[in-house]
Amino acid sequence: MAGIAIRFYYQQKNRLERYNRTKLLMDTVVDVKVYSRDSQHAEKAVNLAFERGEFLAENVFDYDNENSELAHLNRNAGKTGKRVSPELLEVLEMGVELSEKTNGAFDVTTGALKKLWNFEEKPFRIPASDSIQNALRYVNYNFIKIYGDSVFIEKKGTIVDLGAIAKGYIADEMLKILNEHHVEKALVNAGGEVALYNFTNSRQWGVAVQHPRKPDEPLTIIDLGNGAVATSGDYERFFVKNEKRYHHILNPKTGYPADSLISVTILSENAALADMLSTAVFVLGEKEGLEFIENYENCQAILVSHTGKVIYTEDINRPNLRFALDSLSIEENF
Ligand code: AMP
Ligand code: MG
């Protein structure tokens, strides 16, 4: 599930002590690493950060939990509008805005399609094409109406799915708690979406981006002090049938997995943005995705095409990349 792995190298020069905790939230491994002069204080702050993460995962964004806010909203589709929490409102607004900007390549209403493909449960199978066409009738971000802090999903059967943003948002929110508690350095890795602050931008440690076809090798290692990195890849949840890979990032125009790119990494100032942009660029594909992200302020990207070409945005900070390959050998395309 982890889109990228983290490598940490740290030499203890001052008296900062490292404290590390990992937990499963919403089927996602969430890893927190902090450095602090006061280990008891750090432990308390990490507890509070996990409380916040747990609350958001279970009570707000997990639509499989029938008591979550999102499940409630989805159940009321076609019936009635609901007041939503500031957190759900913020993420929905971000998601709808990106859905508009990408003309629906990114779309926060892919839930019906996701349920049909069901990459979570075996036996995996390719849905019948008429089932896909039917599911697509429920996919359209224009069905979401936002009035102040109330949200109404116009079409019964439409399922809002925030899987492309929630992990990044949770990473940001957990990091905020650590910062508010004055933890000196902190990093949150929510299933591969990473947010961090106050790491010295040095060669002593780095964020490793997973190679899309070799799980134990990095595509690159990024030296990053502050900000966020997120990766979307076709290797996270997938199955292979008839020598073709089918994975969880779906093209809302066709109802099938997007197949131009195999990995997209975004660097930006916060993880929610990096998370949703990596999914959006993945669906837009090599040409349109690159153009889109080149024109997006304050974000850099690394794209890998299905042929193995590695593409870097012009503004990427090359010295921060330990190595920058131009191509990967993709022996087979599944
Ligand atoms: P990520 O791993 O961040 O790229 O997010 C993938 C998840 O986003 C999927 O598991 C779905 O929940 C959701 N998703 C899939 N396709 C799309 C899409 N075209 N637009 C928005 N969300 C999507
Ligand atoms: Mg994403």
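The paragraphs below lead from the site of ligand 1 to the magnesium ion and then to two points of backbone geometry, all in a predicted model.

Ligand 1 sits in the largest pocket, where 19 residues surround it, the closest being Lys114, Asp161, Ser232, Leu250 and Thr279. In character, the residues of this shell divide into seven nonpolar, five polar and seven charged. As for where the shell comes from in the fold, helix α7, spanning residues 271–284, supplies its largest share, which amounts to three residues.

Within this setting, several polar contacts of ligand 1 can be followed atom by atom, beginning with those made to the backbone. A polar backbone atom of alanine 105 is found 3.1 Å from a nitrogen atom of ligand 1, while an oxygen atom of the ligand lies 3.3 Å from a backbone N or O atom of alanine 164. A side chain takes part as well, since an N or O atom in the side chain of histidine 248 is 3.4 Å from an oxygen atom of ligand 1. Taken alone, ligand 1 exposes 510 Å², and the protein buries 99% of that area.

Alanine 164 leads on to the metal site, for its backbone contacts ligand 1 and its O atom is also among the donors of the magnesium ion, ligand 2. The remaining coordination comes from Asp275, through both O and OD, and from Thr279, through OG1, with the distances running from 2.1 to 2.7 Å. Along the chain, these donors follow the spacing A-x110-D-x3-T. Aspartate 275 and threonine 279 both belong to helix α7, where they stand four residues apart, or about one turn of the helix. Thr279 thus appears in both sites, as a donor to the magnesium ion and as one of the closest residues to ligand 1.

Two features of the backbone remain, and they are best read against a general background: most residues other than glycine have a negative phi, and most peptide bonds are trans. The peptide bond from lysine 122 to proline 123, however, is cis, with omega near 0°, and proline 123 is found in the loop between α4 (111–117) and α5 (129–136). Methionine 26, in the loop between β2 (17–25) and β3 (28–36), has a positive phi, near 55°, although this residue is not glycine.

Methods: Residues numbered from 1 in each chain as written. Chains lettered and ligands numbered in written order. Predicted model: local features only at pLDDT ≥ 70, side-chain atom pairs only at ≥ 80, totals over all residues. Heavy atoms only, no water. Near = heavy atom within 4 Å. Polar contact = N/O pair within 3.5 Å; in protein donor to acceptor, adjacent residues only side chain to side chain. Areas by Shrake-Rupley, 256 points an atom, 1.4 Å probe, with all protein chains shown as cover. 1 Å grid on protein atoms, 1.4 Å probe; cavity = no way out; pocket = protein on both sides within 12 Å on 5 of 7 lines; lining within 4 Å. Sits in = over half its atoms within 2 Å of the grid points. Helix = DSSP H or I, 4+ residues; strand = E, 2+ residues; numbered from the N terminus. Nonpolar A, V, L, I, M, F, W, Y, C, P; charged D, E, K, R; others polar. Donors = N, O, S within 2.8 Å, 3.2 Å for Na, K, Ca; no water.
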